[in-house]
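Trainee: I am new to this structure, and I would like to look closely at one part before I try to follow the rest. Please start from a single pair of residues, work outwards with care, and explain each term when it comes up.

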Amino acid sequence: MKNSYLIETVDLVKTYSLGEYTIIALNKVSLNFENAEFTGLVGPSGSGKTTLLNIVGSLDSPTSGSAVVMGRKVEDLSHKEAAALRNRSIGFIFQTFNLLPVYTVFENVEFPLLLLGHASSERRKMTTAALEWVGLADRAKSKPDQLSGGQSQRVAIARAVVKKPALILADEPTANLDAENSHHILQTMERLNRDLGTTFIFATHDEKVIAYIRRKITLVDGAVAKDERLEPRPPEGGPRP
Amino acid sequence: MILKLALRNLLGAGLRTWLNVIVLSFAFMAIIWTQGLYEGMNDQGRRASVEAALGGGQYWQKNYDPYDVLSLEDAHAVVPDFLRSMIDENKATAVLVVQGTLYPQGRIHPVLVKGIDPGQAVLTLPAHFLKTGEDRLPALIGSRLAKSTGLGVGDTVTLRWRDAKGTFDARDLEIVQVMKTVVQSIDQGQVWLPLERLRKLAAMEGQASLVVLDQGTVEHPPVEGWVFRDLDYLLSDIKQLVQMKSAGATILYTVLILLAMLAIFDTQVLSIFRRRKEMGTLMALGFTRGRLIRLFTLEGALHGVLAAAAAALYGIPFLTWYARQGWAVPESMDSYGFAIGERLFPVYGAGLVAGTTILVLVITTIVSYLPTRRIARLKPTEALRGRMS
């Protein structure tokens, strides 16, 4: 197996036991992802999008097959090694934002840097920059419960990008947002992908997201049904016509 | 970082946290308050007994056993030269103990008849009242004995005793003083006479049952026929009594501690159940399970720290005031057997406070840790979905 890809999965299988039954969530999925991709995993509910995202994000391990993420075999990682990989190199964006309720916006974004052991002055600088990228520098002192859905998701994006990870995994990032906020969020992520070269992988069935992605992988019943490169979006930005 | 997060989470829980903290701080205070009372009881009882009866230790005639009245017949001997010289230098005082019976108003009342030098300054016993003329036999009794026999100052009562040769004899005594002492052994059942008069009456010239040393006497070489009893030995009764009563009080604060711990345990279980998503998020951000366990344990353990702080806030002023003011001992305490006087002054030592703090913190930490063991089985994906594996 070559390790020139950012992510490489080979015959990835994930099954779950449900009483007497075995549910196949992923069925021999083989995919490669390169640096700076802006890719969407699409498909109906239960097609295996989130499961694939979880394995690539080292939150879960495959039943069989292999997933190599940034040169590390996910299935061989210990809990500590997986946590370290997530901490250093992977950012997560969740459908329900998952902000820490007792922290301010600034502290939520700063949190991954604290875990990485960055110095206070460096943390402050990087956190402020991340909040400026997502246009929320003025809400730094607010608490999550004082933000709208769109603002909360932008804080989650800032938290994911603040440590400048090579990979950001976004699970249904627009599912709880209206159209305007969805476009705003997607434009922000697209800009980060372009400016920082961060790879974004989305799990989504939202057409608004599909309008932005440059690669669309369709999963059906845990298997890759289609893997297509999409037309580039207009240079002035916004969704593909 | 974990500390900051734990503190934020804890304070963020609002009323639940403060209820737990307040209950725990009550338990904290109850332990320190009651233990302080018993420390004070021990301290006061010890001091009063030492000053009025025990001195700095005692030499007992080898047969002397205060718990065996029948042995008193043989428990007397001529005071040896070494002890006599100490008595002459006012560093010790001799006491002769004889068994006797009082006949107040026709009733029979067994007593210990004790002879003491009216000029002694080793004990705070008001022996100087016994300095009277030879025409009468003066006696000093405690207020309890006075009450139980109906005797008062100036009253005359018949005393019967048995002398060294085994002959019964009797004389009328005159009560010259009813002393008020907090040492119950002195206060009831004892009649004090001038030492030389008792020696003559009992035909025990130059003899004593025990010799009480002055406080601060360091040397106590072996004396043939006599046994030295140090304060540890002499005070063992008081210590045992206080320990027994202190053990009874532990029931009160054990219940309080259990209530507080149950509340903390419950809060921890609830917190872990409610915050599964948050745990999943923290894991996604790079928290290991070990770190999560430390975070939740710390959150629980901080209840103990906050309780200590809360207890200090209202406890220090209260206990300081209380230690100065003392506690007016109720009448019912009179029968407890403590030499503590009318007011009991609690003693809140640094050891007691530090020991209690450590005890509460250790128990809180253990109780906080137990529910977090579930986190060790937690899968990040399940947690993110709000499930507990």
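**From one bridge outwards**

Mentor: In strand 4 of chain A, the residue that serves as bridge partner to A:Glu8 is A:Val68. Bear in mind that this is a predicted model, in which local features need pLDDT of at least 70 and side-chain atom pairs count only at pLDDT 80 or more, while totals for chains, interfaces and linings use all residues. Residues are numbered from 1 along each chain as its sequence is written, and chains are lettered from A and ligands numbered from 1 in the order in which they are written.

The bridge belongs to a pairing between strand 1 (residues 7-18) and strand 4 (residues 64-69) of chain A, which run antiparallel over five bridges. Here strands (E, at least two residues) and helices (H or I, at least four) are DSSP runs numbered from the N terminus, and two strands pair if DSSP finds at least two bridges between them. In chain A, four strands make up an open antiparallel sheet in the order 2-1-4-5. Its edges are strand 2 (21-33) and strand 5 (72-73) of chain A, each of which pairs on one side only.

Chain B also has antiparallel pairing, and B:Tyr59 is a good place to see it. Strand 1 (residues 58-61) of chain B pairs over three bridges with strand 10 (residues 210-213) of chain B, where B:Tyr59 stands opposite B:Val211. Strand 1 of chain B also pairs over four bridges with strand 11 (residues 226-229) of chain B, and there the bridge partner of B:Tyr59 is B:Phe228.

Turning to the helices, helix 3 (residues 105-116) of chain A is mostly covered, with nine of its 12 residues buried. A residue is buried if 20 or more other C-beta atoms, placed from the backbone, lie within 10 Å of its own, exposed if 12 or fewer do, and partly exposed in between. Among the buried residues of helix 3 of chain A are A:Phe106, A:Val109, A:Leu113 and A:Leu115, and the buried residues of this helix pack against helix 2 (79-89), helix 4 (120-133) and helix 5 (149-161) of chain A. After helix 3 of chain A comes A:Gly117, which has a positive phi, near 80 degrees.

Helix 3 of chain A also leads to the partner chain. The contact takes 19 residues from chain A and 16 residues from chain B, two residues being in contact if their C-beta atoms, placed from the backbone, lie within 7 Å. Helix 2 and helix 3 of chain A each supply at least two residues of the side of chain A that touches chain B, and helix 2 of chain A gives the most, with six residues.

Finally, consider B:Ile31, which is found in helix 2 (residues 15-54) of chain B. B:Ile31 counts as buried because it has 25 C-beta neighbours inside 10 Å. Leaving aside its neighbours within four places in sequence, B:Ile31 is in contact with B:Tyr253 and B:Thr356. The C-alpha atoms of B:Ile31 and B:Tyr253 are separated by 5.9 Å, although the two residues are 222 residues apart along the chain.
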